[in-house]
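Here are a few exercises on strands and how they pair. Have a go at each one before reading the worked solution.

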Amino acid sequence: MSRIRRELDDLVTLGTMLAIVPLTWLLMGWRWPAAVSSHDGLANVLVLLQALVEAKGDWASLAYRPDLLGGMKVRDAVGPFPVFGLLARFAFSPTTILDLTSFLLQAVIGFLGVRAATDLAATWSGRDAPLGFWLRLAGAWACGFAPVLGWKLGAGHLTLVTGMLPFLAAFALVVAASAGTNTATLVLVAAAAMATGVLFTGHQMVVYGAIFGAPILAGAWWAGGRRPRGLLLPAASAFAAVLLALPELWGVLAHAFGTDSLRSLGGMRITYSYLTGQPLDWLGSLLWARDTLRPSQPQLLHHEINNPMGPLLVLLALVPWRRARAFGVGLAASTAAALLFSMNTHPFSDLLLLLAPPLGSFRVPTRAILPALFVLPIAVLAGALLAPERPRRWVLAVLAATVLFLLPPLPRELAGWALAAAVAFRSPRLGRLATIPAPAVFLVLAVGGLAAFRERVLSFPDAFPDGEALLARARYVGDKARRAQPALDSTLVRVSPSFEWPEFLSNTAVAGGLSSLDGYYFPQRRLVELMCAARGQAYQPNSLLLRFPPERPSSRALFQLYDVAWRLDESGAVRPLGETAGPAWFASRLIHSESFSALGHQLVSLREALAFQARRAVWLVGPDPMVARARLPASVDARCAEARVDRAEAPRGAMAVARVHAPADCPLTFAMNYAETLHATARMGDGRTQPAPVFPAYGALAGVWVPRGAAEVTVTAHVAKPPLSALWRALGAALLLWQTMYSPRQRTP
């Protein structure tokens, strides 16, 4: 096939994927403006997108948001996913952005999967393997609508799907290099997939793809001729993608390695703190049917413990394993490693955690099987492309696929396995059933997998919700509360909701545009440390969904520090909750605590007097490295007792500003979380400005050491960038240009 013809073929495949994905969702019952995702897709992704749309797609505006979880580094904790930012710039609604992103992810997965399958077939056979319309369509369904993706997209786990893109892109490039079929379209799509994959917060799957996907990549390269030259294309494309993403990725990396991150990348073992894979769950994952899930497992875990494979497993018999032996070994090694790791099989899991410490920072080890599951339909499609016969009448295969799609789960399961077995083993006893062409059976089973995908998407109680109606309902409550209490216009003044809706969970108040300590995303580490200390608990790095019941003494202590002054009812009515230290305040002395545990006990023991005491003294956690870095004075000037805050506010979408009177250098605390990226500027009475040190006050809050004579203090958040950002992007673009235009395309002999 000529270079131009191959380029056109890739464009046709990509266009087919972009068109077929939304059409397939329509076939499954989705209608605009409903959201294709529910669960976490509503509770946190939709709330995030609402904030990003308000910021007109500018991720830098989300460098720090005081209204989320007491103050959160949204951009660096979540990752500046460029697809979200681009769609938000065009003023699409949050639900539309969520849907279009899901469609795009599936289209990219389908394109890379189908492209990799044709290259595998070409590598194994030594000749081009044409797709045709129906196999291209079947590949889109088998890869982009794999049953396991039904769980991930239905649950709103777009981060996990995005995190798998670097592995899938690398796999497609490895087999393309072996077949000598790389094109500009493939390289650009793969590089974009890699760059976006590392920028979003699915870093668990990036790490899992690198570790558990490595045997698959190595096997594919070995089976393709094991020439070092074959590694040039994927390595150069990956390097170019990283260089292009580096300016935006820098802040994410700084956050991950800093003191604000909820989880550290080393020295942490939370892998099995949430769930551990079980043999019965893996046996149930062999089937399409969802009914095989154990009743003892809570429904909340179904999307994590069930990783459906279905009859495509049998069709692996179509792969010419003699020529693909190394690929088979790599696939088997990846699967075995994922199973042993997920079930915490000693000593294998201990050794793997020792050799790869970042694995200890991620929970839900059952996700390690995803690299193998993503490759499963690709390998089967490649085997089907090598079948000696193609259907003469695809209409019969289409009719059979339609029937299979409409069948109830049990008959569908039986029919799918029977068809797969008939084609795989070709027993004469099966008569005409054994003569069905393999490509036709692949189409039928791809549609059967589509039915299993739909079954999982619809299994969530709030499937296909109207996201815009939910957000409008939340905003109505928030608007009513702000009209009743104008102080809530400042994000430094917070509410404690007396209710939460199941769609938004503890983000219900935030969805309404109100500031709250309750929330569901990635809270600042110090907030969680302070919360756990106040409750008398050990540090809990899995604390993503935070709730603060007012009846708890620990909650009342935090309310006084974070200015949670109002109780919000579902009607939108608000009532006073209790005295707080206010949105910002000065203190006139320092108290040093030896640990968060000691600090938590001291604060809770003050009970309702904490607000008064906080305005007199600021507590510091001595071992905190950021306290030491601030180089604070050993004591506070006695004149600070006369310092006052005349006004402090942080309008929604803006940072905190306090108008103050400072007769000496004094510690000022804002009722929001400390972050390493916060910078403070003091404006003096004569108009001069000077920087002021920012430090963790009361363990977790943002403290500023205000210079004498300051009239106004502004706290802003900066986005960390690498030196010479433009140069890194230019190098990445140049390397990518070389790959698309001048890299060799001759087939490896």
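Before we start: two strands count as paired if DSSP finds at least two bridges between them. Keep in mind that this is a predicted model.

**Exercise 1.** Work out how strand E12 and E13 pair, and over how many bridges.

*Solution.*
- Step 1: find strand E12, which covers residues 678-684.
- Step 2: count its bridges to E13, and you get 4.
- Step 3: the cut-off is at least two bridges, so a count like that qualifies as pairing.
- Step 4: check the direction: E12 and E13 pair in the antiparallel sense.
- Step 5: pick out one bridge, where Ala680 has Ala692 in E13 as its partner.

**Exercise 2.** Place that pair in its sheet: what is the strand order, and which strands are at the edges?

*Solution.*
- Step 1: follow the pairing through the 5 strands, which gives E9-E10-E16-E12-E13, an open sheet with antiparallel pairing.
- Step 2: look for strands that pair on one side only; these edge strands are E9 (644-649) and E13 (689-692).
- Step 3: now the twist: neighbouring strands here are turned by 25 degrees against each other on average, ignoring direction.

**Exercise 3.** Do the same for the open sheet of 4 strands.

*Solution.*
- Step 1: the order reads E6-E11-E15-E14, with antiparallel pairing.
- Step 2: E6 (584-586) and E14 (694-697) are the edge strands, each pairing on one side only.
- Step 3: from one strand to the next, the twist averages 30 degrees.
- Step 4: zoom in on E14 and strand E15 (residues 701-706): they run antiparallel and are joined by 4 bridges. In one of these, Ala697 has Leu701 of E15 as its bridge partner.

Terms used
Residues numbered from 1 in each chain as written. Predicted model: local features only at pLDDT ≥ 70, side-chain atom pairs only at ≥ 80, totals over all residues. Heavy atoms only, no water. Helix = DSSP H or I, 4+ residues; strand = E, 2+ residues; numbered from the N terminus. Axes fitted to C-alpha atoms, helices over the stretch in contact; angles between N-to-C directions.
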